Amino acid sequence: MTTFDAPDGTRLACHHVGAQGEPLVVLPGGPMHAAAYLGDLGGLSAYHPLALPDPRGTGDSAVPADPATYRCDRQVGDVEALRIHLGLERMNLAAHSAGATLALLYAARHPERVGRLVLIAPSPRPVGLEITDADRREVAELRRDEPWFPEAFAAFERIWAGGATPEDWAAIAPFTYGRDAAARARRAREVNRHHPQAAAGYYADGAFAPEAVRSALGRLRVPVLLIAGEFDVGLPPARAGGYAELFPQAEFAVQRGGGHFPWLDDPAWLSQRIAAFLR
């Protein structure tokens with residue numbers, strides 16, 4: 001692990017996995033999960049060194065003096081400080097889920113500093129991509145033969161109807177995973193990996209304007225790989241393809257049988273697919 005200072009003086013931590021060399025910087029999702037849940041992205045570190053920063057207020061990074069700095073656009077400076085700390089003129093950047101919001105805001109502000117961009121089950125929020133209940137229902141129905149489906153789908157229907165309880169949100173967790181879904185959902189509930197105040201502030205009002213983000217990405221002349229899971233209700237493949245089309249130079253890949261955490265569902269597929277893209 002190494003540490004570096006953010007522009008506001010907050011001490012931030014970055015974990016390093018794999019051989020020496022120019023790393024792939026990987027921003028965690030959550031929002032505001034510590035990077036530990038990413039592991040080494042299913043063995044990707046065997047092909048490519050990884051730099052895994054803990055966002056401010058999480059993991060081994062310090063809590064900032066000003067909670068307003070948890071807002072995602074205000075963390076763009078943290079990513080730039082990491083690039084400088086790593087001594088990279090341009091960096092290859094990857095991000096998972098909500099971390100993709102920060103990655104896209106960084107790429108929009110510093111396009112000359114991005115070499116290649118990998119988006120793993122990215123959040124649709126920064127580009128204003130609408131995911132409807134019908135989209136999610138279509139993907140959820142693919143899991144009908146799984147033993148946990150009746151309870152989880154009933155909870156989803158209560159959410160769609162607007163009468164959800166906290167228990168309902170917990171009950172739909174198996175839909176997040178492609179394989180061993182129920183067991184992984186139970187394990188995930190046992191560990192609180194994020195800072196609640198940080199997570200609440202990440203998407204605070206004024207963080208970004210989707211139209212402006214889309215416009216900036218349309219001018220981004222770097223190779224992009226967007227990865228979606230076949231069973232991901234957060235970003236169904238039918239909508240993920242349109243997401244990829246926002247970039248001038250994008251590849252789109254769907255992991256068969258995968259959910260929102262593709263390094264858990266088929267680690268070899270994910271690591272080899274990203275390694276090939278980085279080559």
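Biologist: Let's start with α9; which elements help cover its buried residues?

Modeller: In this predicted model, the cover over the buried residues of α9 includes α2, together with β7 (224-229) and β8 (250-255).

Biologist: And which residues of α9 are the buried ones?

Modeller: Helix α9 runs over residues 237-244, and its buried residues are Pro-237, Ala-240, Gly-241, Tyr-243 and Ala-244. Around the axis they cover an arc of only 155°, so they sit on the same side of α9.

Biologist: Is there a general reason for a pattern like that, and why would residues three or four places apart point the same way?

Modeller: An α-helix has 3.6 residues a turn, so residues three or four places apart point the same way.

Biologist: OK, which residues of α8 are buried, then?

Modeller: In α8, which spans residues 210-217, the buried residues are Val-213, Ala-216 and Leu-217. Seen down the axis of α8, these buried residues fall within an arc of 95°, so they line one face of the helix. The cover over them includes α2 (99-109), an element that also helps to cover the buried residues of α9.

Biologist: α2 keeps coming up; what does α2 give to the largest nonpolar core, and which members of that core touch the most others?

Modeller: The largest nonpolar core has 49 residues, and Leu-117, Tyr-243 and Phe-247 are those that touch the most other members. The element that gives the most to this core is α2, with 7 residues.

Biologist: What does Phe-247 touch, leaving aside its close sequence neighbours?

Modeller: Beyond the neighbours within four places in sequence, Phe-247 is in contact with Leu-104, Leu-117, Leu-119, Leu-217, Leu-220 and Val-224. Apart from this core lies another one, of 40 residues, including Leu-24, Tyr-37, Ala-94 and Ala-152.

Biologist: Switching to empty space: how many cavities of 30 Å³ or more are there?

Modeller: The count comes to 1 cavity of 30 Å³ or more, and the largest cavity has a volume of about 170 Å³. It is lined by 17 residues, of which Leu-27, Pro-53, Pro-55, Gln-75 and Leu-102 are the closest to its centre. The elements giving two or more residues to that lining are β2 (11-17), β4 (50-54), α1 (76-86) and α2, and the largest share, 3 residues, comes from α1.

Biologist: How does that lining divide by residue type?

Modeller: The lining of the largest cavity divides into 12 nonpolar, 2 polar and 3 charged residues. As for pockets, the second largest one holds about 170 Å³ of space, and its lining divides into 7 nonpolar, 4 polar and 1 charged. Among the residues that line this pocket are His-16, Glu-22, Pro-49 and Leu-88.

Biologist: Now some loops; is Ser-61 buried or exposed?

Modeller: Ser-61 lies in the loop between β4 and α1, and it counts as buried because its relative accessibility is 7%, where buried means under 20%. Leaving aside neighbours within four places in sequence, Ser-61 is in contact with Arg-11, Leu-12, Ala-13, Asp-54, Pro-55 and Arg-56.

Biologist: And where is Arg-143, and is Arg-143 buried or exposed?

Modeller: Arg-143 is found in the loop between α3 (133-140) and α4 (149-160), and with a relative accessible area of 0% it is buried. Not counting residues up to four places away in sequence, Arg-143 touches Trp-148, Phe-149, Pro-174, Phe-175, Tyr-177, Gly-178, Ala-181 and Phe-231.

How values were computed. Residues are numbered from 1 along each chain as its sequence is written. This is a predicted model: local features need pLDDT of at least 70, side-chain atom pairs count only at pLDDT 80 or more; totals for chains, interfaces and linings use all residues. Side-chain values use heavy atoms; hydrogens and water are left out. Buried means under 20% relative accessible area, exposed over 50%, partly exposed in between (1.4 Å probe, protein chains only). Helices (H or I, at least four residues) and strands (E, at least two) are DSSP runs, numbered from the N terminus. The arc is that of the directions from the helix axis to the C-beta atoms. Contact means heavy atoms within 4.5 Å. On a 1 Å grid over the protein atoms alone, a cavity is a set of points where a 1.4 Å probe fits but cannot get out, and a pocket is an open set with protein on both sides within 12 Å along at least five of seven lines; lining residues have an atom within 4 Å of a point. Grid points are joined across faces, edges and corners, and a volume is the space filled by probe spheres set on the points. Ala, Val, Leu, Ile, Met, Phe, Trp, Tyr, Cys and Pro count as nonpolar, Asp, Glu, Lys and Arg as charged, and the others, Gly among them, as polar. A nonpolar core is a set of buried Ala, Val, Leu, Ile, Met, Phe, Trp, Tyr and Cys residues joined through side-chain atoms within 4.5 Å.
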